[in-house]
Amino acid sequence: MLSSTWRSRSTRGVLVIGAAAALALTGCSDKSTDSGSDATGAGTGGLSIQPVMQVDTAGKEVPKTDPAKAADPAGDGKATCAPGTAVAMAGALTGPDAALGINIVNGVKLALDQHNKANPGCKIELKQFDTEGDPQKATQVIPQIVNDKSIIGLVGPAFSGETKATGQILSDAGLVAVTSSATNATLTQNGWTTFFRGLANDDVQGPSVAKYLVGTANYKKVCVVQDNTDYGVGLAKSVTEGLGAAADPACAASIKKGDKDFSATVTKIAAAAPDAVFFSGYYAEGAPLAQQLKSGGVKAVFVGPDGVNDPQFISQAGSAAKGANLTCPCGPAPEKFAKDYEALNGQAPGVYSVEAYDLTTILAKGIDGGKVTRPDLLEFVRSYDGPGLARNYKWSPNGELANAQIWIYEVK
């Protein structure tokens with residue numbers, strides 16, 4: 001999901017899922033020091049973000065993955081590797097977007113903790129790199145990762161903007177980069193040979209959500225509001241196309257990242273009297289927009305994507321968040337994972353924590369199998385096919401998942 005062409009996003013973005021949930025995704029909350037949410041995403045007035053169903057590109061419900069079949073980072077406990085063997089994580093660890101990066105790095109930590117405890121002969125190190133979710137800073141950070149020869153795999157970059165800015169650097173270096181959160185659809189169209197996306201892209205999320213809104217939720221008129229980030233613009237285009245005639249161009253609107261006054265947009269939407277408002281952006285703007293829509297008399301259901309799907313949306317929107325539909329290409333955290341994650345990290349998992357855990361597990365399995373050079377680990381990931389907690393991971397030649405679905409959540 002995440003895009004990062006802007007510098008001032010929020011503290012965390014995330015989503016909750018079932019028992020698990022959320023810290024922060026990537027919105028732009030002014031609570032940049034807040035780094036935790038409870039396991040159900042509980043927020044104002046006892047509201048929480050709860051999973052409803054997983055849908056395909058037709059907007060129809062599909063079965064969820066059985067966590068019992070997921071790959072175990074502990075392996076058989078017999079792995080051996082050279083001391084100093086390392087993987088890296090790159091994303092926002094400080095600044096307004098720290099929550100998203102913390103969600104991800106904590107998922108990485110859990111996988112490596114379980115691996116290293118079970119395999120005394122192979123202690124995989126984690127090296128963390130803070131990009132603040134800023135593409136410009138990422139262009140300074142990623143070369144540091146590339147130049148550290150002990151690092152043979154990367155979980156990240158986290159946001160679409162920073163990935164766009166550094167993907168060629170990673171590709172040229174032959175360093176496998178598995179992202180748990182960068183969803184802009186164009187990222188896999190750049191000819192990079194080391195980039196693998198661990199979840200559905202926005203061109204999957206858009207049609208899936210659109211078909212769900214029209215075919216399952218039966219909304220007849222939807223106003224699409226987008227922010228000006230790579231993420232917001234790309235996803236809005238995909239959703240609008242998927243909605244077809246249900247997308248009312250008369251109430252479509254665009255806002256800027258960092259805006260807080262949406263009176264003009266609210267007036268336009270109120271006049272259109274839609275069934276739903278889809279906001280393509282982050283919770284930092286989504287929360288005040290939801291509030292202002294409610295106070296402006298708009299009765300439409302508020303719908304937000306993964307950039308809004310975070311307990312901070314509830315905290316900041318208050319009662320206006322009730323009944324909102326939130327979507328995400330990320331999957332809910334299974335109960336045992338949520339328990340283990342919180343025990344290690346002192347906070348509940350958030351959006352993309354499960355994906356980060358799964359992707360780190362894949363890297364660990366490669367290392368355990370003797371793939372301890374960059375070329376070997378890259379080839380291992382390229383040919384990988386196996387179940388994780390969130391989904392089955394198998395990639396097409398361009399780095400997209402061979403099969404990906406979207407989760408629908410509701411604030412209750």
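C81 and C122 are joined by a disulfide, with 2.1 Å from S to S. The two cysteines come from distant parts of the chain, 41 residues apart: C81 sits in the loop between β2 and β3 (86-91), and C122 in the loop between α1 and β4 (125-130). The link of C81 and C122 is right-handed, with 100 degrees about the S-S bond. Keep in mind that this is a predicted model.

How exposed are these two cysteines? C81 has a relative accessibility of 14%, so C81 counts as buried. C122 comes out at 0% relative accessibility and therefore counts as buried as well. The cut-off behind both calls is under 20% relative accessible area.

How many disulfides does the structure hold? There are three disulfides in the structure. Here they are side by side.

| Disulfide | S to S distance | Torsion about the S-S bond | Handedness |
|---|---|---|---|
| C81 and C122 | 2.1 Å | 100 degrees | right-handed |
| C223 and C251 | 2.0 Å | -100 degrees | left-handed |
| C328 and C330 | 1.9 Å | about 110 degrees | right-handed |

Now for where the others sit. C223 belongs to strand β8, while C251 lies in the loop between α5 (230-243) and β9, so this disulfide ties together parts that are 28 residues apart in sequence. C223 and C251 are both buried. C328 is buried too, with a relative accessible area of 0%, and C330 is buried with a relative accessible area of 0%. If you number the bonded cysteines in sequence order, the pairing reads 1-2, 3-4, 5-6.

**The sheet**

Strand β8 brings us to an open sheet of eight strands with mixed pairing, in the order β2-β1-β15-β12-β11-β10-β8-β9. Which strands are at the edges? The edge strands are β2 (61-62) and β9 (253-254), each of them pairing on one side only.

At the β9 end, β8 (residues 222-226) and β9 pair in the parallel sense over two bridges. One of the residues involved is V225, whose bridge partner in β9 is A253.

At the other end, β1 runs antiparallel to β2, and two bridges join them. Strand β1 is also antiparallel to β15, this time with six bridges. V55 is a handy residue to look for here: V55 stands opposite E61 in β2, and V55 also stands opposite I406 in β15. The hairpin of β1 and β2 has five residues between the strands, and in this hairpin G59 takes a positive phi near 80 degrees.

**The helices**

What does helix α4 lie across? Helix α4 (residues 202-216) lies across five strands of the sheet listed here: β1 (49-55), β10 (276-280), β11 (301-304), β12 (325-328) and β15 (406-411). Helix α4 runs at about 55 degrees to β15.

Another arrangement to look at is a helix pair. The axes of helix α1 (residues 98-118) and helix α9 (residues 335-345) come within 10 Å and cross at roughly 95 degrees. That crossing makes α1 roughly perpendicular to α9, because angles from 65 to 115 degrees count as roughly perpendicular. On the α1 side, the contact is made by I102, N103, N106, G107, K109, L110, D113 and Q114. On the α9 side, F337, D340, Y341, L344 and N345 take part. What kinds of residues meet in the contact of α1 with α9? Five are nonpolar, five polar and three charged.

Definitions and conventions:
Residues numbered from 1 in each chain as written. Predicted model: local features only at pLDDT ≥ 70, side-chain atom pairs only at ≥ 80, totals over all residues. Heavy atoms only, no water. Axes fitted to C-alpha atoms, helices over the stretch in contact; angles between N-to-C directions. Helix = DSSP H or I, 4+ residues; strand = E, 2+ residues; numbered from the N terminus. Parallel < 35°, antiparallel > 145°, perpendicular 65-115°, else oblique. Contact = heavy atoms within 4.5 Å. Nonpolar A, V, L, I, M, F, W, Y, C, P; charged D, E, K, R; others polar. Pairing = 2+ DSSP bridges. Disulfide = S-S within 2.5 Å. Buried < 20%, exposed > 50% of the residue type's maximum accessible area, 1.4 Å probe, protein only.
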